[in-house]
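Hello,

Here is the structure I promised to pass on to you. Have a look at it first, and then read on for what turned up.

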Number of protein chains: 6
Amino acid sequence: MKQIITFGEVLMRLSPEGNKKFIQANLLEFYFGGTEVNVGISIANFGEKVKHISCVSNDFVGDTAISYIQKFGVSTSAIVRSDRPLGVYFLEVGAVMRPSSISYNRSHSSFSEIKPEMVNWTNTLKKAKWIHWTGITPALSKGAYDTLKAGLLLAKEKGIAVSADPTYRKGLWKYGENAQEVLADLLSYSTIFIGGINEINEVLESNYEFSNDDFIEASKALMKKFPSIEKVFDKIRTPINASWHKIRARMWNGKEFRETSDFDITHIIDRIGTGDAFAAGLIYGLQEFDDYKSMEFASAACALKHTYEGDVNYATVSEVMGILDGNVSGRFNR
Amino acid sequence: MKQIITFGEVLMRLSPEGNKKFIQANLLEFYFGGTEVNVGISIANFGEKVKHISCVSNDFVGDTAISYIQKFGVSTSAIVRSDRPLGVYFLEVGAVMRPSSISYNRSHSSFSEIKPEMVNWTNTLKKAKWIHWTGITPALSKGAYDTLKAGLLLAKEKGIAVSADPTYRKGLWKYGENAQEVLADLLSYSTIFIGGINEINEVLESNYEFSNDDFIEASKALMKKFPSIEKVFDKIRTPINASWHKIRARMWNGKEFRETSDFDITHIIDRIGTGDAFAAGLIYGLQEFDDYKSMEFASAACALKHTYEGDVNYATVSEVMGILDGNVSGRFNR
Amino acid sequence: MKQIITFGEVLMRLSPEGNKKFIQANLLEFYFGGTEVNVGISIANFGEKVKHISCVSNDFVGDTAISYIQKFGVSTSAIVRSDRPLGVYFLEVGAVMRPSSISYNRSHSSFSEIKPEMVNWTNTLKKAKWIHWTGITPALSKGAYDTLKAGLLLAKEKGIAVSADPTYRKGLWKYGENAQEVLADLLSYSTIFIGGINEINEVLESNYEFSNDDFIEASKALMKKFPSIEKVFDKIRTPINASWHKIRARMWNGKEFRETSDFDITHIIDRIGTGDAFAAGLIYGLQEFDDYKSMEFASAACALKHTYEGDVNYATVSEVMGILDGNVSGRFNR
Amino acid sequence: MKQIITFGEVLMRLSPEGNKKFIQANLLEFYFGGTEVNVGISIANFGEKVKHISCVSNDFVGDTAISYIQKFGVSTSAIVRSDRPLGVYFLEVGAVMRPSSISYNRSHSSFSEIKPEMVNWTNTLKKAKWIHWTGITPALSKGAYDTLKAGLLLAKEKGIAVSADPTYRKGLWKYGENAQEVLADLLSYSTIFIGGINEINEVLESNYEFSNDDFIEASKALMKKFPSIEKVFDKIRTPINASWHKIRARMWNGKEFRETSDFDITHIIDRIGTGDAFAAGLIYGLQEFDDYKSMEFASAACALKHTYEGDVNYATVSEVMGILDGNVSGRFNR
Amino acid sequence: MKQIITFGEVLMRLSPEGNKKFIQANLLEFYFGGTEVNVGISIANFGEKVKHISCVSNDFVGDTAISYIQKFGVSTSAIVRSDRPLGVYFLEVGAVMRPSSISYNRSHSSFSEIKPEMVNWTNTLKKAKWIHWTGITPALSKGAYDTLKAGLLLAKEKGIAVSADPTYRKGLWKYGENAQEVLADLLSYSTIFIGGINEINEVLESNYEFSNDDFIEASKALMKKFPSIEKVFDKIRTPINASWHKIRARMWNGKEFRETSDFDITHIIDRIGTGDAFAAGLIYGLQEFDDYKSMEFASAACALKHTYEGDVNYATVSEVMGILDGNVSGRFNR
Amino acid sequence: MKQIITFGEVLMRLSPEGNKKFIQANLLEFYFGGTEVNVGISIANFGEKVKHISCVSNDFVGDTAISYIQKFGVSTSAIVRSDRPLGVYFLEVGAVMRPSSISYNRSHSSFSEIKPEMVNWTNTLKKAKWIHWTGITPALSKGAYDTLKAGLLLAKEKGIAVSADPTYRKGLWKYGENAQEVLADLLSYSTIFIGGINEINEVLESNYEFSNDDFIEASKALMKKFPSIEKVFDKIRTPINASWHKIRARMWNGKEFRETSDFDITHIIDRIGTGDAFAAGLIYGLQEFDDYKSMEFASAACALKHTYEGDVNYATVSEVMGILDGNVSGRFNR
């Protein structure tokens with residue numbers, strides 16, 4: 001079985017239990033996550049062979065991060081170590097009208113030290129069929145950007161599928177490069193675009209701003225600028241409040257526009273990583289199903305992720321298919 | 001005060017806290033439960049004198065199970081011990097569209113060893129006014145079936161009320177007997193039937209399958225086949241998803257059909273044992289109220305059980321009556 | 001910056017985690033609270049300088065209570081110590097149709113020993129701009145009533161604003177005074193009335209009972225009897241069940257009647273102290289905004305409090321304003 | 001089987017986990033205890049039939065206390081309820097040179113309300129063979145003293161064994177009676193004295209103070225003053241520090257003096273209730289063994305109790321005998 | 001790098017936190033363990049490539065067991081699944097003179113179903129350099145014995161090292177075979193014997209019983225009967241009580257007898273798996289060091305294991321070497 | 001009352017509960033600490049007025065750090081905020097022969113950004129009587145060094161006592177200055193030296209290395225080089241293993257050498273911050289007692305700190321004096 005490759009920072013997530021604030025707590029739950037490794041683990045839970053590439057700290061925290069990823073059967077053999085600490089983020093989970101808060105300690109993390117020579121892309125991509133990247137990675141450091149670019153370049157050469165989730169997070173991007181240029185550069189190697197109107201407007205950099213209703217036009221404009229992009233998938237979140245969201249998705253694949261109906265997530269357990277579950281669902285789905293079924297699968301995966309604590313989507317293929325088959329009634333699986 | 005007798009397996013329930021999966025956890029909460037002992041404890045919480053009959057392991061796990069039952073004032077003096085381990089079940093609690101999952105380790109449990117000679121029914125039923133059984137017990141082993149049958153036979157002789165919850169769980173029933181025949185045999189000693197269309201269809205074993213709308217017809221057919229059955233009560237669960245259910249009930253007592261309105265359980269805490277709370281509410285209610293009021297009491301008890309963690313319904317009579325009186329507003333009891 | 005003064009009992013709150021009953025638990029979470037100190041801490045979280053006056057036990061429990069209040073930057077320099085134990089309350093948190101239950105152990109607490117000579121009001125009020133009291137304090141003991149009265153008397157002399165939350169809790173009031181007379185006495189020194197029709201009816205002591213729709217008439221009658229009262233604010237709670245409430249507010253300031261729209265609190269985390277958050281919001285707001293904006297601010301503060309565990313409202317001014325600006329969508333604050 | 005009767009206050013014990021101080025904690029573990037009920041539960045764990053008599057609060061805290069006692073199979077049928085709260089004590093557990101600290105909230109507890117007419121001694125003692133009392137009970141209130149005295153009087157009449165642990169705790173005894181007189185009064189009905197030189201000196205009230213080496217002389221003087229006392233047992237604790245104690249015992253039964261060797265308790269888990277375990281061991285032992293063997297059994301029970309968390313001694317007879325047989329090597333019981 | 005192979009049952013271990021008894025707990029910590037997988041994980045922590053062969057349940061418990069083993073980088077690719085539940089053991093951890101207690105639920109576990117045709121030994125041993133077995137495996141079922149024997153036979157053919165820890169546990173061995181014969185059969189394929197006088201006496205089955213001082217003679221007799229055995233290693237535990245042990249080791253390799261000095265383990269954290277850590281230390285050591293140094297390494301590994309919670313030895317090679325270098329002073333590794 | 005000033009980094013400490021390793025845990029306990037703030041809090045617990053000066057992150061983690069310090073009544077009014085994250089350290093607590101491990105994430109922390117212009121020393125020292133510094137602060141950044149130096153310079157001018165704990169930690173000191181020169185510079189303003197032979201050898205920078213027995217000679221040499229130093233205090237730790245230490249102290253005050261006897265800390269709870277407790281004990285003691293008594297007080301404080309979880313010494317003056325009075329027997333404080 002060929003591998004799916006994810007590349008990106010692994011962060012330690014620390015949050016008080018339940019909806020407590022830090023000032024109330026003296027215990028923190030911890031998980032490891034990061035948008036790309038979340039995608040990788042979720043795909044591994046769908047039964048694919050996955051390798052995650054990263055750089056983690058050379059201490060017991062880094063050991064634990066690697067162990068955490070291995071637990072899901074994701075290969076960690078290409079993860080390198082650095083003397084800098086692992087990136088950390090602190091999370092206070094909101095409820096109803098109270099938003100969640102996140103505070104990062106990642107700007108000098110082990111991952112931001114990564115350099116192209118630390119990753120043997122030639123070896124790694126030999127057994128690969130897909131590589132996934134997000135806009136977080138090139139935002140972190142020149143080394144991260146260069147390393148990613150080296151991988152995408154080779155992937156393009158070898159005809160490996162490249163999915164892009166070019167999220168633009170303004171608070172990052174402190175090392176000097178222009179975000180729009182960098183993202184555009186990386187999109188030129190990509191085949192699947194996972195994002196909505198905001199992301200499209202960002203990378204088009206035109207004077208014209210598409211509105212949320214212009215999805216098809218915007219997708220066309222995107223594909224015109226980046227001819228390697230074959231399909232655009234957009235997950236739409238309609239929040240009632242921090243505890244209750246609705247999720248649906250839409251797509252343009254150059255030929256047809258499709259949209260799913262809403263999943264009604266009445267009691268959110270944890271919404272971190274739900275976008276990553278959508279991306280993972282797409283990457284899995286597009287290898288098994290047609291475009292619309294893939295999007296449905298991805299939406300159901302995304303919806304299910306809201307019911308798991310932590311960053312990771314634990315759902316298996318049969319659990320996602322169960323949702324698509326309408327089993328939402330709360331019957332026990334015995 | 002005469003006793004109410006319950007007879008059945010006591011299981012240890014192990015589940016991660018909250019909605020965690022096993023793979024995320026390193027701590028498990030444990031409770032003891034089992035459909036019949038849940039009924040017994042709930043009735044004891046209504047103030048009745050209850051004795052539970054079972055066979056548990058002869059180790060500190062069995063000691064703890066007995067201690068757990070004693071905590072509620074239920075008599076454990078007729079519980080016998082065996083060298084086999086107590087049955088265990090593992091539970092992952094779902095949310096929203098994610099169903100809960102249960103995995104059993106009960107097939108060679110201490111209870112499945114029970115034999116008729118281990119229970120002194122003559123003594124036990126001397127002080128009894130009611131006995132309750134479910135379809136789980138005869139599914140477990142020939143010994144369990146025979147022991148139960150011996151008790152029901154004597155109960156019938158002595159005119160003791162016999163309530164039956166003949167749930168048919170296909171995954172059990174591995175020791176060779178035919179489920180439908182066994183359940184029919186046991187129903188022939190029973191006076192109160194707690195179940196719906198599925199259960200009726202199962203035990204009628206006719207070619208014709210009643211639909212959910214045929215409740216009165218089905219009940220009549222049931223009573224025709226089992227003339228000892230005087231009343232049929234059916235709890236109807238309408239799930240929105242795993243976190244949000246509606247509960248109502250309907251009845252046929254040979255004379256009139258009645259139906260309650262829905263309880264809207266918007267934030268389920270724990271749905272295990274809610275059917276047992278309904279049965280317990282009926283058994284208590286039928287000794288105090290008319291049939292309809294009993295069914296209302298049972299429905300409210302069932303609804304309330306959704307708000308307690310664990311298998312057990314902690315509600316007292318006055319707490320159930322408070323719900324029936326419309327106090328659902330979240331005011332504090334000070 | 002001048003101080004806001006709160007005066008009242010500090011209680012230890014003990015409750016099992018989540019929705020557990022005591023009989024299920026072997027761990028209790030604890031917080032410190034009490035309606036007046038809750039108000040004080042909430043105002044301190046809005047950035048005001050606050051001093052809380054009380055009497056706590058002279059043991060490690062009292063030390064911990066003081067430390068807890070200091071944590072929020074509230075001055076504890078005027079808290080005195082007594083050999084009697086700190087008051088305690090036990091809480092079982094309900095859900096859906098199950099109400100929460102509270103059991104008090106406060107009748108011989110350290111606070112009930114307080115005497116006027118234990119508080120140096122002259123010094124305290126020198127730097128004060130506002131004092132807040134509730135109907136709980138004069139209900140506890142003659143000493144508490146006398147001490148409070150001494151403070152209000154001096155506040156009135158010095159033209160310091162006095163907000164009153166004259167909650168009447170029948171179960172208290174055991175030391176011999178007549179609740180209505182005492183509350184009326186204390187209201188005669190007060191400028192802001194926080195309460196609804198029930199509270200107004202209680203203190204008017206007339207034969208006529210205003211209905212919930214008579215808010216303006218009732219407020220006018222109140223102001224007629226207590227000419228020092230300038231404004232009446234009423235928080236209206238519409239419960240769907242114990243887990244889901246709606247909150248709005250209305251006011252009469254002698255000139256205009258205004259009412260806010262509802263906040264829909266679909267997943268309550270903890271409703272204790274939500275009234276105190278409303279009072280704190282008003283006290284803060286009336287110093288910064290006009291009456292209506294103050295009431296909106298107070299309502300949003302009250303709504304937000306439902307999302308925090310414990311008695312205390314952790315919301316800052318910018319967090320409350322965020323809600324008023326419509327940010328309820330569950331986006332992360334990064 | 002005849003019953004052993006214990007009579008005394010049931011307290012709720014609240015302590016942070018491990019060696020934390022209250023100021024560090026936000027969770028408290030809770031147990032129920034009290035010197036007499038500890039003795040009762042320990043004896044029940046030895047297989048005897050035990051009834052505990054007390055008065056607990058009429059709320060969910062009192063319900064939980066009763067449930068806790070039932071868990072061990074101790075009869076609670078003679079426990080009465082009161083509107084006053086259950087007594088509480090707070091505990092910070094020390095280590096090495098740091099002593100443990102206890103703070104009580106019991107002076108107006110439900111038990112202190114008990115009155116002789118609330119206990120039907122005639123019925124209770126009908127099935128009794130032994131009654132145990134301690135010096136804590138008559139220290140709490142006149143009602144507690146009178147109720148206890150009524151029981152002892154009847155016990156003496158009926159020739160029931162009466163064991164006395166006349167601990168004198170100075171901080172109690174606030175209701176007006178003279179401790180020495182009261183204890184002497186109650187000792188005059190007692191047959192077994194459990195205590196050391198300090199306790200003997202207290203109740204002798206002579207000018208002469210026996211030293212620790214005068215055990216035989218002191219015991220003789222005690223027996224002279226209280227001719228009903230047949231045997232004196234003294235547990236001797238030699239602390240190295242708060243985490244490491246040695247325990248031995250000595251006795252005078254009017255005929256011979258005996259002393260055990262030391263148990264070396266190198267890693268104390270919880271020393272509360274260890275004296276109660278000694279008393280329970282004696283009460284059990286004196287019915288089964290000769291005096292010396294009883295004292296050995298009691299010492300081993302006391303030593304074992306240091307290894308259990310909470311107030312209660314969980315050891316069974318065979319576990320205590322295992323220690324006496326020298327099995328202290330840490331081998332597993334499989 | 002060639003692999004080390006371990007083969008044996010994986011059990012779920014459930015125990016209350018700290019020294020609590022089940023009757024006191026409502027939470028259980030869980031780990032996965034089993035003597036052979038403990039050895040495998042420990043060797044993996046020393047940096048070797050390890051594959052564990054087993055049969056686990058086909059449910060989320062089995063998934064979690066596999067995930068747990070993967071976490072340490074041990075290959076699980078040869079683990080098969082069965083419909084029977086995973087074996088479970090319950091543990092109460094003693095202290096001082098209180099022994100720990102274990103209760104098993106393993107007699108019908110998934111592992112006991114294993115059959116030779118479920119393991120592809122030819123493939124597995126292709127990349128193997130060592131295989132380790134214990135006396136637990138052949139005690140469980142005929143299938144387990146046969147499967148193990150098939151592996152050892154092939155290992156002998158291929159000249160792969162075979163270490164044997166032929167622990168004899170009488171409570172197992174219920175499927176009909178004679179323990180001594182079976183163990184002797186398996187020892188005939190083994191090269192390293194890990195065990196003491198008791199184990200040697202058992203497998204020699206002679207009339208003569210060696211005493212503990214006859215180690216050299218006994219080893220010689222063993223080697224005479226089983227000529228494939230080259231070396232005998234014996235770990236000697238001297239318990240002061242359940243919390244404090246001393247550990248040393250001795251060896252006979254056909255040429256010389258050596259003995260280490262004692263490690264003084266003054267505060268045991270968890271002694272389960274300490275024998276497995278000794279075996280793992282030997283297997284690692286014998287590939288790197290001479291026999292005496294290997295035994296020293298193994299003893300230090302065993303001693304260190306007493307300081308980790310759970311079944312697994314987390315120590316790395318450099319941590320073990322640090323102990324051998326005398327760094328026991330409690331200085332921090334920063 | 002004049003203030004004692006401490007200046008230094010506040011770190012978040014994160015560690016698994018008990019002796020768990022990170023790889024075993026999913027919860028971390030957190031505290032705030034740092035050698036200087038530990039000293040400050042400990043002195044505040046002795047009843048002194050303390051102000052801590054630092055720079056913490058401008059997020060909810062920094063808010064929580066400030067709140068944590070306020071809890072102990074230490075003034076935080078001079079703490080400034082930065083956009084960089086708070087420093088973090090991760091801790092795995094060892095046992096017996098297993099050392100504890102620490103991993104830092106502090107190199108780009110908020111504190112390392114501090115600059116002299118961020119601290120108003122003139123105002124701060126107006127009300128100060130003592131300032132304490134350690135060798136950690138000047139190791140972190142030039143800004144930290146310069147800021148500290150500015151304070152010490154002014155303190156010297158004003159004749160304020162300056163205690164120095166010039167710990168040299170090699171792993172820090174990465175910003176370019178020479179550690180020995182910097183420490184010598186800062187010692188030239190100091191009056192009390194807290195350290196031993198290693199620290200003296202470091203700052204003397206001579207070719208000659210004093211041995212541990214040369215304490216008096218070494219102290220004299222130190223005082224010769226740094227004439228402002230009046231007294232040298234040295235805490236001597238004799239570890240048996242990571243769980244069991246002995247602690248004593250010695251001093252040279254220019255006139256006499258004194259040494260205390262050992263405190264035997266048989267069961268260490270947490271040794272972090274024990275050196276800080278010694279320093280705090282000295283600073284408190286030297287204002288109340290003679291030099292020897294101060295050293296005794298400091299040693300007892302240090303010993304007691306080993307019994308508290310976390311970085312902070314919770315002991316009060318009367319608790320320390322209790323130890324000096326010989327109360328180590330584990331009696332309860334009731």
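Let's start with the make-up of one chain: chain A holds 11 helices and 15 strands, where helices (H or I, at least four residues) and strands (E, at least two) are DSSP runs numbered from the N terminus. Please keep in mind that this is a predicted model, in which local features need pLDDT of at least 70, side-chain atom pairs count only at pLDDT 80 or more, and totals for chains, interfaces and linings use all residues. Residues are numbered from 1 along each chain as its sequence is written, while chains are lettered from A and ligands numbered from 1 in the order in which they are written.

The C-alpha trace of chain A spans about 50 × 50 × 45 Å along its principal axes. Its radius of gyration, taken over C-alpha atoms, is 19 Å, which agrees with the value near 20 Å for a compact globule of 334 residues (the rule is 2.2 Å times the number of residues to the power 0.38). Buried residues make up 61% of chain A; buried means that 20 or more other C-beta atoms, placed from the backbone, lie within 10 Å of the residue's own.

Now for the symmetry. A turn of 120° and a shift of 0.0 Å along the axis lay chain A on chain B with an RMSD of 0.0 Å, superposing by least squares on the C-alpha atoms of residues with pLDDT of at least 70 in both. The two copies are thus related as by a three-fold rotation axis. In chain A, His267(A) comes closest to that axis, at 4.7 Å (C-alpha).

You may enjoy the sheet shared by chains B and E. Its 8 strands form an open sheet with mixed pairing, in the order E8(B)-E7(B)-E2(B)-E3(B)-E3(E)-E2(E)-E7(E)-E8(E); two strands pair if DSSP finds at least two bridges between them. Strand E8 (101-105) of chain B and strand E8 (101-105) of chain E stand at the edges, each with a single partner strand, so one side of each has no neighbour in the sheet. From one strand to the next, the twist averages 30°, with axes being lines fitted to C-alpha atoms and angles running from 0 to 180 degrees between N-to-C directions.

Within chain E, strand E7 (residues 88-92) runs antiparallel to E8(E), joined by 5 bridges. There, Phe90(E) stands opposite Ser103(E).

Best wishes

Key:
Buried ≥ 20, exposed ≤ 12 C-beta atoms within 10 Å, placed from the backbone.
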